[in-house]
Amino acid sequence: MFDKITSATKEFGLSDGLGYVVDRVLYDRLKIGGFARYLLTAQPIHDPAALRPGKLEIRELLAGDPLLKTLPLDDKVLAFRFAQGAVCLAAIESKDDQASAVACIWFTFGTYLEDMVRCRYVMYPPEQTAWDFDVYVAPDHRMGRTFARLWDAANAYLRGRGVAWSLSRISAYNPASLKSHARLGAQVVGRATFLVIGPFQLMWSSVAPYVHISFGAGRPDIKVSAPKKP
C-alpha cells in the first residue's frame, strides 16, 4: 500500500494522489463507492482552422443512427445521453464498403446531468456555453490528426450556435486528458470532489453550492461559469 501511495502522489501530486488511492480502495477493493476529484474547465471556441478531413467524414449522429453501434457505448448509455438532448459529433471512416465511427465528441447545452456521480452541472452564461464530454478516438487513430480534425469540426459547429466556451469536468486522475485540454487553451475555473459510500454522497467544491450532502437520488446543481474573456 505504501508503494501505491508513493507512486500515486508522484504522478498526481499529494492531495490528488491520496484521493486516487482512496478511490481505488472504495471502488475496486471494497466495491462500495468512490472518491472522485474533478477539475472544472472552460475551453475557448476558436475559429475553425478548416483542416482537410482526409478520408474521414465528420457529422452529427442522431439517436437511432446505426453508426452509434460502432462506438464503445451500450444502448442504456446512449438513451441516457439523448434523453438530456446531447449532441454527438463523430468522425466516420469507410473501409471495404463498411462505415464505422472512429472518433466522437458529445455536447449538451444549458445543463449536463452527470452519470459518474450524482450532480447536475449548470452552465453560465447559458447562451454562450456548451458542455463537452466523452471525447473518444479509436486506438488506431490516436497517432494521426483525427483528434484535431474532430475538434476543428466541433469548433465550427459550436460557433454556428453562438457558443464561445465549452465547459467540462476532467478527472484529476487523468493527466493525459488534462494535457489535451490545456493544449486547446482550457482554463481551470473550479474543482469538485465527491465521496460516495453506498447511497451516501458528500460533495464539496470551489463553486456554488460549495457543500452538499445527499442520500439516494438527491443531487446538487453545480454552477460552472465561463470566464468573461478568452
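**Exercise 1. How many bridges join strand 5 to strand 6, and do the two strands run parallel or antiparallel?**

Before the solution, a word on the model. This is a predicted model, where local features need pLDDT of at least 70 and side-chain atom pairs count only at pLDDT 80 or more, while totals for chains, interfaces and linings use all residues. Residues are numbered from 1 along each chain as its sequence is written, and side-chain values use heavy atoms, with hydrogens and water left out.

Step 1. Get the terms straight. Strands (E, at least two residues) and helices (H or I, at least four) are DSSP runs, numbered from the N terminus. Two strands pair if DSSP finds at least two bridges between them.

Step 2. Look at the pair. Strand 5 and strand 6 run antiparallel and are joined by three bridges. Leu113 stands opposite Arg120 in strand 6.

Step 3. Follow the chain from one to the other. A hairpin makes the link from strand 5 to strand 6, through six residues.

**Exercise 2. Work out the order of the open sheet of three strands and find its edges.**

Step 1. The order is 5-6-12, with mixed pairing.

Step 2. The edge strands are strand 5 (111–113) and strand 12 (221–225), each pairing on one side only.

Step 3. From one strand to the next, the twist averages 20°. Angles here run from 0 to 180 degrees between N-to-C directions, and axes are lines fitted to C-alpha atoms, for helices over the stretch in contact.

Step 4. Now check the other pairing. Strand 6 (residues 120–124) and strand 12 pair in the parallel sense over five bridges. In strand 12, Val122 has Lys223 as its bridge partner, and Tyr124 stands opposite Ser225.

**Exercise 3. Tyr124 is followed by Pro125: find out what sort of peptide bond links them, then look at Pro209 too.**

Step 1. Start with some background: most residues other than glycine have a negative phi, and most peptide bonds are trans.

Step 2. From Tyr124 to Pro125 the bond is cis, with omega near -10°. Pro125 lies in the loop between strand 6 and strand 7.

Step 3. The bond from Ala208 to Pro209 is cis, with omega near 15°. Pro209 sits in the loop between strand 10 (200–205) and strand 11.

**Exercise 4. Why does strand 2 have one side without a neighbour in its sheet?**

Step 1. Lay out the order. This open sheet of nine strands goes 2-3-4-7-8-1-9-10-11, with mixed pairing.

Step 2. Strand 2 (56–61) and strand 11 (211–215) are at the edges and have a single partner strand each, so one side of each has no neighbour in the sheet.

Step 3. On average, neighbouring strands of this sheet are turned by 25° against each other, direction ignored.

Step 4. Pick a pair inside the order: strand 7 and strand 8 pair in the parallel sense over three bridges. Here Ala130 stands opposite Ser166 in strand 8.

**Exercise 5. Is Ala91 buried or exposed? Compare your finding with Arg59.**

Step 1. Know the cut-offs: buried means under 20% relative accessible area, exposed over 50%, and partly exposed in between (1.4 Å probe, protein chains only).

Step 2. Ala91 lies in strand 3 (residues 87–95). Ala91 counts as buried because its relative accessibility is 0%.

Step 3. List its company. Contact means heavy atoms within 4.5 Å. Leaving aside neighbours within four places in sequence, Ala91 is in contact with residues including Leu56, Ile58, Val102 and Leu150.

Step 4. Move to Arg59, in strand 2. With a relative accessible area of 29%, Arg59 is partly exposed. The C-alpha atoms of Arg59 and Leu89 are separated by 5.5 Å, though these residues are 30 apart along the chain.

**Exercise 6. Lys31 and Asp97 are not glycines: find the sign of phi in each, and say how exposed each one is.**

Step 1. Lys31, in the loop between helix 2 and strand 1, has a positive phi of about 55°. Its relative accessible area is 65%, so Lys31 is exposed.

Step 2. Asp97, in the loop between strand 3 and strand 4, has a positive phi near 65°. Asp97 is exposed, with a relative accessible area of 85%.
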